[in-house]
Amino acid sequence: MKLLGIHKVSLLFFLIWLQPSKSCPCKVSSLCNPIKNTTRQEIFVFSLQNKPSSWEKFDWDKVTTVVTVGYISQELMCLAHSYGSRVVLIDQMPVSNMTNPSDRTNWINEQLDIVKTNFYDGINIDFEDVILQNQTDVRKALTSLVMETTAAFKSVSPFYQVTVDVAWSPDCIDLRCYDNVGLAEASDFLFVMAYDEQSQIFGDCTARANSDYYMTEKGIFGYLKLGIKPDKLVLGVPWYGYDYPCETLSKDDVCTIKQVPFRGVNCSDAAGHQIDYRAIYPLMINGSTGGRKWDSAALSPYFNYLDKATQQMHQVRFDDPISLRLKYEVAEMFNLRGVGTWNIDCLDFSDASYAKEQTSLMFKAFPNYPRS
């Protein structure tokens with residue numbers, strides 16, 4: 001997710017900012033009960049904005065779980081529960097404390113207290129730090145953390161949900177050599193982040209798809225080859241892209257980019273910057289040179305534009321309802337637990353006509369899973 005640090009400060013933010021509530025804040029007290037459906041397919045979304053006017057425009061016929069990032073909202077909990085949808089918190093434990101069993105217990109108890117106090121439905125563990133192949137103690141500690149979190153949460157409510165975010169492939173992506181089989185067994189499911197797939201670019205330093213269809217398919221197949229069951233995997237896709245300044249742009253749209261190292265590799269998507277779909281669409285319509293184009297090698301759209309201030313050509317690599325639907329079909333083909341997105345606030349929830357149309361199309365692209 002490349003928000004390295006937001007989750008590290010989130011717990012402190014929660015503990016300082018939250019005013020504990022012992023009574024149900026919802027108009028109907030039953031809405032404070034955990035959502036009990038534990039077998040349905042998931043549409044699992046992350047929300048970064050504490051913005052009620054946007055929540056009302058989520059497609060609640062489809063969204064099953066909302067992960068609140070950087071905020072806690074009992075108001076959102078009441079709204080989501082009224083539609084039968086979960087709300088869960090997100091956090092990660094510092095790697096420096098993870099091998100200490102008492103530190104793990106303290107961390108778990110703190111997370112559980114937040115969930116109980118705010119009538120939430122569980123936790124999403126987003127750990128993206130390096131674990132090298134030879135760091136067996138840390139790898140085992142991460143698996144133990146998830147096992148212990150699940151045991152503690154389920155002892156309070158069997159309906160609490162514990163999930164773990166993992167890279168798009170199990171092959172030590174970005175030096176994250178995790179025990180993916182153990183993490184899947186210890187949790188309700190893994191959220192496979194099929195984005196930032198160019199965090200380490202091997203070969204030519206050029207702009208490429210943020211979520212390549214074939215890389216995504218290969219990554220999911222890699223998890224399944226490990227013996228992880230399909231209902232333990234949720235495919236996560238991006239509702240954002242990357243804006244790359246081109247050092248050169250060839251006639252066939254090869255955009256060479258600046259070399260920016262990441263975890264031992266000389267070239268990475270850090271040469272560009274993340275851009276939300278809400279900004280991508282108007283930029284493509286109003287500023288692109290040649291309009292929307294299609295990368296048939298990645299089954300992904302892109303466009304070029306001229307930055308008038310610098311007179312430099314840029315290439316934007318992104319996903320839209322068409323490319324996303326293709327990846328959702330991968331999840332359906334493998335009969336996965338579901339799909340999800342980082343992040344739902346990349347959409348424009350304003351009343352502008354084009355925004356309403358594009359937001360509707362993004363939600364419609366989601367599979368039509370039964371709600372029960």
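Let's start at a crosslink: the bond between C26 and C78 is left-handed, with -90 degrees about the S-S bond. The two ends sit in distant parts of the chain, 52 residues apart, with C26 in the loop between α1 (6–17) and β1 (42–47) and C78 in helix α3 (residues 74–82). Keep in mind as you look around that this is a predicted model. In it, the sulfur atoms of C26 and C78 lie 2.0 Å apart. C26 is buried because its relative accessibility is 9%, under the 20% cut-off. C78 is buried as well, at a relative accessible area of 13%.

Now for the other crosslinks. The count of disulfides comes to 5. If you number the bonded cysteines in sequence order, they pair up as 1-3, 2-4, 5-6, 7-10 and 8-9. One of these links joins C172 to C177, with 2.3 Å between the sulfur atoms. Its torsion about the S-S bond is about 130 degrees, so this disulfide is right-handed. The two partners differ in exposure: C172 is partly exposed, with a relative accessible area of 22%, whereas C177 is buried at 6%.

Another link connects C246 and C255, whose sulfur atoms are 2.1 Å apart. Here the torsion about the S-S bond is about -115 degrees, so the link is left-handed. Both C246 and C255 are buried.

From here, step into the interior. The largest nonpolar core holds 109 residues, and L190, W239 and I257 have the most contacts inside it. Helix α5 (residues 136–156) supplies the largest share of this core, 7 residues. Take I257 as a place to look around. Beyond its neighbours within four places in sequence, I257 is in contact with I201, C205, T206, A207, Y244, P245, E247, C267, S268 and A271.

W239 offers a path to our last stop, N343. Leaving aside neighbours within four places in sequence, N343 touches W239, along with F46 and L48. You will find N343 in the loop between β15 (338–342) and α10 (353–365). Is this asparagine, N343, buried or exposed? N343 is buried, because its relative accessible area is 7% and the cut-off for buried is under 20%. Its side chain also has a polar partner: a polar atom there lies 3.0 Å from the backbone nitrogen of D345. Finally, have a look at C346, which is buried with a relative accessible area of 1%.

Notes. Residues are numbered from 1 along each chain as its sequence is written. This is a predicted model: local features need pLDDT of at least 70, side-chain atom pairs count only at pLDDT 80 or more; totals for chains, interfaces and linings use all residues. Side-chain values use heavy atoms; hydrogens and water are left out. A nonpolar core is a set of buried Ala, Val, Leu, Ile, Met, Phe, Trp, Tyr and Cys residues joined through side-chain atoms within 4.5 Å. Buried means under 20% relative accessible area, exposed over 50%, partly exposed in between (1.4 Å probe, protein chains only). Helices (H or I, at least four residues) and strands (E, at least two) are DSSP runs, numbered from the N terminus. Contact means heavy atoms within 4.5 Å. A polar contact is a pair of N or O atoms within 3.5 Å; within protein, one must be able to donate a hydrogen and the other to accept it, and residues adjacent in sequence count only if both atoms are side-chain atoms. A disulfide is a pair of cysteine sulfur atoms within 2.5 Å.
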